[in-house]
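This report describes selected features of one protein model: a sheet, a helix and a surface patch.

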Amino acid sequence: SSKSYLKFPFDSIEILSHLDLVIGKKTKSRNDNNAGIIEQDSFFEVLNQDLYLNSFLNTADNVAFVITDIGGKKSKIKGFSRGAEKLFHYKPEEIIGQDVAVLHEQSDVDGFEDMQLRLRDGLKGYTGTSRLKRKSGEYFDALFTIHPLTNKRGELKGTIGVSIDVSELTNVQEQLQEQERVHKTLIKNLPGFIYYCDNDRDWTMRYISEGCLEMTEYQPSDFINNKVIAFNQIIHEDSRKFVWDEWQLAINEKRNIIIDYQIVTKSNQVKWVRERGCGIYDKEGKLDHLEGFITDISDIKRTELIQKVIFNISTAVSISDNLGKSIFHVKNELGKIIDTTNFYVAFYNAKDDTFDLPFFADEKDSLTDLPAGKTMTKYVVDTQKSLLANIATKKQLVKQGKLEIKGSLSKLWLGVP
């Protein structure tokens, strides 16, 4: 036959034609080495005869065909193909005449009567997944189909079950699900986020991982198709042209890209990020989209800046012969990493317990000298330790009798001996 052996749904005549199953009206076949054993009872009337039985059974050894009578939970096995022998590990002479329940989980057996009633009422068949049982007691996942076998008067006389072992497919599916879980966990714990986007001026996001929330303060869904904001909008305006130009150059040269630039978060915090990415091309070599990974490198950039500031200060002080210029240079360099709007340099005079102030810049006060007394500056000189103090720290020092407030009370004070 030119038709497929596994065409769904079957009708009873087509099943037997495709099975090449010979059923004699009053005949029992128990010892056919080519075809397996088909036990025939009087209630099985002739549905079809086919000349290709042996050929079919020899080529369908990975598909199990089991014929049963109609007996609800006690339905008996009347036919057992070579594929069934291979799948369930029973010999036909062992299983013919046994309850078909031995091949099924109890939950399936409990539904036999209802299924047979539905088949009697005209249901053409049913296909689904099931857990079947081998002779050893091992259960396996199967694609299971059951169809009615009727006589010429349309009376239900039996069923035929078609089973295909899909346990390997199930295992593969479980492995894929586990891999997906691992990938999601890895992505979730990356110090940044991955994405793929269009190569347009908005960098329209098609996918962006959850890590973007911590870095940008925007939800992933905010970026998808520019729903709330386009990714280009959070790139610092001083970096937008640079990012676009670098990407277009990399695309033209079909190479990966690594670039550092600044973004502005939802709360207007400026952060440095490092982007690694590449273009993804179709079979014709045409750009399809961009993929990459972006991570926060603000701490790295700050460390680099601090090192640069320290180097610049050291160099300027070592080559300058003018104290005022050196101090001014120190103030400007430190201003790159902290706010030095209010800044002074003090020299302690132990003779009269005062501070000379060769450089003093302050928004509220103007001083040239200062009694040491119980000041923050004197506390740093005495302890010979740097101190970063907020208002709470200052109040604690006042309570301990180590500090008397002089001048305006700042919210934050930093002193270095």
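Helices (H or I, at least four residues) and strands (E, at least two) are DSSP runs, numbered from the N terminus. The model is predicted: local features need pLDDT of at least 70, side-chain atom pairs count only at pLDDT 80 or more, and totals for chains, interfaces and linings use all residues. Residues are numbered from 1 along each chain as its sequence is written, and side-chain values use heavy atoms, with hydrogens and water left out.

Helix α14 is followed by Q384, which has a positive phi near 55 degrees. Within α14 (residues 376-383), the buried residues (under 20% relative accessible area, 1.4 Å probe, protein chains only) include M376, T377, K378 and V380. These buried residues pack, with contact meaning heavy atoms within 4.5 Å, against the elements tabulated here.

| Element packed against α14 | Residues |
|---|---|
| β13 | 343-349 |
| β14 | 354-361 |
| β16 | 387-390 |
| α15 | 391-399 |

Strand β17 is also a packing partner of α14. V416 lies in the segment after β17 (412-415).

Elsewhere, an open sheet of five strands has the order β9-β8-β12-β11-β10, with antiparallel pairing; two strands pair if DSSP finds at least two bridges between them. Its edge strands, each paired on one side only, are β9 (205-208) and β10 (257-264). Six bridges join β8 (residues 192-197) to β12 (residues 287-296) in the antiparallel sense, and C197 is placed opposite L290 in β12.

Notes
Buried < 20%, exposed > 50% of the residue type's maximum accessible area, 1.4 Å probe, protein only.
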